[in-house]
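Work through the exercises below with the sequence and the model in view. Try each task before reading its solution.

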Amino acid sequence: MNENRTETADCVVVGGGPAGLMLGLLLARSGVDTLVLEKHADFLRDFRGDTIHPSTQDALADLGLIDEFLALPHTEMSHVTLRYRGRDMVLADFSRLPTARKTIAFMPQWDFLDLLARAGEREPGFRLLRRTRGAEPIVEDGRVVGVRAEGPEGAFDVRSRLVVAADGRDSDVRAAAGMVPRKIASAMDVLWFRLPKDPAERQPFVHAGDGTLIVIDRGDFFQVAYVIPAGSWEGDAESLAAMRTRVSSLVPELNDRVHALELDDIKLLTVRLERLRRWQRDGLLAVGDAAHAMSPAGGVGINLALQDAIATANILGPILRNRRPTERELRRVQRRRALPTVIIQRVQRVLQDPLLGSAAASPKLPLPIRALQRIPFLRHVTGRVVGRGIRAERVRIRTAGETSAGLAAPGPQ
Ligand SMILES: Cc1cc2nc3c(=O)[nH]c(=O)nc-3n(C[C@H](O)[C@H](O)[C@H](O)COP(=O)(O)OP(=O)(O)OC[C@H]3O[C@@H](n4cnc5c(N)ncnc54)[C@H](O)[C@@H]3O)c2cc1C
């Protein structure tokens, strides 16, 4: 262990999740010497955001990674189907999106993160230190000038022009910097579990009525999310029995499989909706879940985190190559990304009650769903909102000497 060890980088990114790895890759491609710190040894994590939206796939195409992405095991969904009290319908249709890719891809998050890490490691300016935790910002004269880190060989300092907190919704760096997110009321939690299936079996994506169940077809199993009132899961036999009964009444075909579930098979996601008022201070910027924890409703968390990373690289990449960004320049990232974040969090908040459903609910179709059935064109509108998002970012990598926007060719610059 070398207590005096100091690393330097133009930018240090704390957290190797979707936001951190994408940002590391993009900055490295722009010629910014970038160090990503990831506290875990690998990316293996189950029941995390696994949805890669069409706009994100277009960003992968911009980066020359789409073929490598599509070669990995995944499933695709071209429209969102709903079974509401026994009636089947389409909620969103991606077929007319103004994107090159017109499906949502479901891919285990670890495969996707491995892909980003591999692409990063092909760039000379990219370094990823695994099993290394970013602990607290180093502050001098009121400015953040780096981060203290703890790796397998002990503690060390990283000095940099910018520290990016991309360390998720429980961000250590954000907390150590005294940045506290504002909590937005969350009424729901989500139970995740897997159910075996025959490869040919199909289920609608959303089952709704007295509660909501999302069924993601992963080829040889269903990944299922069941929405419950916040704080109602006790993790005991009684909660399990109640859950089995409600899920079986919502989707009778799953009855046998749901009754075979044991407590250990079920993962609770405590849903948090939060947002920082200011995403930056001098020398430090928070992005992704560290800036705004999202509800899993709509499966947009990863995509929003990736879009933050793209916007950050577009805005700050050319600056970081040469100098430290000013606080005003850092604020441009929040100004660019706040609108989609606020709108999506509002929609997620409004969706909480319908997602929870109610036994006393009227058997009549809710008005928005009726509108989608009467006016089929609206399904393309919902498809656009879900599939492309609000203010979709395109990758603009400017290499040294370039001043105007344009896509850089993949590969080392
Ligand atoms: C159970 C669950 C299900 C979800 N389902 C969906 C879904 O279906 N679709 C969807 O789009 N989103 C979903 N989300 C949300 C989605 O996973 C997140 O919004 C997205 O991963 C945010 O990306 P991020 O890079 O900002 O943060 P994270 O993915 O949280 O990544 C943060 C990274 O930082 C690392 N880290 C943390 N602290 C430190 C530290 N101090 N030093 C170094 N490294 C650190 C972590 O190990 C992690 O790798 C789900 C989330 C959960 C928890």
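Partly exposed means a relative accessible area between the 20% under which a residue is buried and the 50% over which it is exposed. The model is predicted.

**Exercise 1.** Classify Arg-391 as buried, partly exposed or exposed, and describe its backbone.

*Solution.*
- Step 1: Locate the residue. Arg-391 sits in the segment after helix H11 (378-387).
- Step 2: Take its relative accessible area, which is 33%. Arg-391 is therefore partly exposed.
- Step 3: Check phi. The value for Arg-391 is near 55°, positive in a residue other than glycine.

**Exercise 2.** Find where Arg-131 lies and give its phi.

*Solution.*
- Step 1: Arg-131 belongs to the loop between strand E8 (126-129) and strand E9 (133-140).
- Step 2: Its phi is about 50°, a positive value although Arg-131 is not a glycine.

**Exercise 3.** Which residues form a nonpolar patch on the surface with Val-347?

*Solution.*
- Step 1: Place Val-347. Helix H9 (residues 327-356) contains it.
- Step 2: Test its exposure. At a relative accessible area of 44%, Val-347 is partly exposed. Patch members need over 30%.
- Step 3: Name the partners. Leu-339, Ile-343 and Leu-351 join Val-347, and together the four have about 300 Å² of accessible area.

**Exercise 4.** Judge how compact the protein chain is.

*Solution.*
- Step 1: Count elements. The protein chain has 11 helices and 20 strands.
- Step 2: Compare radii. Its radius of gyration is 22 Å, close to the 22 Å from the globule rule for 413 residues, so the chain is as compact as a globular protein of that length.
- Step 3: Add burial. Buried residues make up 54% of the 413.

Terms used. Residues are numbered from 1 along each chain as its sequence is written. This is a predicted model: local features need pLDDT of at least 70, side-chain atom pairs count only at pLDDT 80 or more; totals for chains, interfaces and linings use all residues. Side-chain values use heavy atoms; hydrogens and water are left out. Patches are made of residues with over 30% relative accessible area and no salt bridge: like charges are joined within 9 Å, nonpolar side chains (Val, Leu, Ile, Met, Phe, Trp, Tyr) within 5 Å. Accessible areas come from the Shrake-Rupley method with a 1.4 Å probe; for residues, only the protein chains shown count as cover. A salt bridge is a side-chain nitrogen of Lys or Arg within 4 Å of a carboxyl oxygen of Asp or Glu. Helices (H or I, at least four residues) and strands (E, at least two) are DSSP runs, numbered from the N terminus. Buried means under 20% relative accessible area, exposed over 50%, partly exposed in between (1.4 Å probe, protein chains only). The radius of gyration is taken over C-alpha atoms; the globule rule is 2.2 Å times the number of residues to the power 0.38.
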